[in-house]
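I opened my notebook for a friendly look at one structure. Here it is, before I start on the entries.

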Amino acid sequence: MPIAVDIDVMLARRKMSVGELADRVGITPANLAVLKNGRAKAVRFATLAALCEVLKCQPGDLLRWEDEDAAGE
């Protein structure tokens with residue numbers, strides 16, 4: 001998938017666990033894991049906003065586009 005999710009990078013920078021982030025955002029750790037591992041098909045803006053608020057970052061810090069052709073080379 002051309003959208004890469006960098007939640008684990010921000011978690012490491014903030015020294016925060018997945019469980020703590022899930023609690024503070026208000027989603028289950030399982031749903032956060034689906035998003036974190038890039039298996040989610042969609043994310044609600046409200047969830048993205050909550051992630052950014054808790055992690056004190058911008059949406060672009062969590063999501064980035066990767067060229068599928070360049071990634072395979």
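My entries below cover a helix and then the cysteines.

**Entry: the model.** I am working with a predicted model, and I keep that in mind throughout.

**Entry: helix H1.** I began with the helix spanning residues 7-14 and asked which of its residues are buried. I found Ile7, Met10 and Leu11. Their directions from the axis span an arc of only 105°, so they sit on the same side of H1. That fits a general rule: an α-helix has 3.6 residues a turn, so residues three or four places apart point the same way. I then turned to the face of H1 directed away from the buried side, and there I found the exposed residues Ala12 and Arg13.

**Entry: neighbours of H1.** What do the buried residues of H1 pack against? I listed strand E1 (3-5) along with four helices: H2 (18-25), H3 (29-36), H4 (45-55) and H5 (59-62). I also checked what follows H1 and noted Lys15, which has a positive phi, near 50°.

**Entry: cysteines.** How many disulfides does a search of the whole structure find? I got zero. I looked at Cys52 next: the nearest cysteine sulfur belongs to Cys57 and is 4.3 Å away. A disulfide needs the two sulfur atoms within 2.5 Å, so Cys52 is in no disulfide. Cys57 is likewise in none, with the sulfur of Cys52 as its nearest cysteine sulfur. Are these cysteines buried or exposed? Cys52 is buried, at a relative accessible area of 10%, and Cys57 is buried too, with a value of 10%.

Methods: Residues numbered from 1 in each chain as written. Predicted model: local features only at pLDDT ≥ 70, side-chain atom pairs only at ≥ 80, totals over all residues. Heavy atoms only, no water. Buried < 20%, exposed > 50% of the residue type's maximum accessible area, 1.4 Å probe, protein only. Helix = DSSP H or I, 4+ residues; strand = E, 2+ residues; numbered from the N terminus. Arc of directions from axis to C-beta. Contact = heavy atoms within 4.5 Å.
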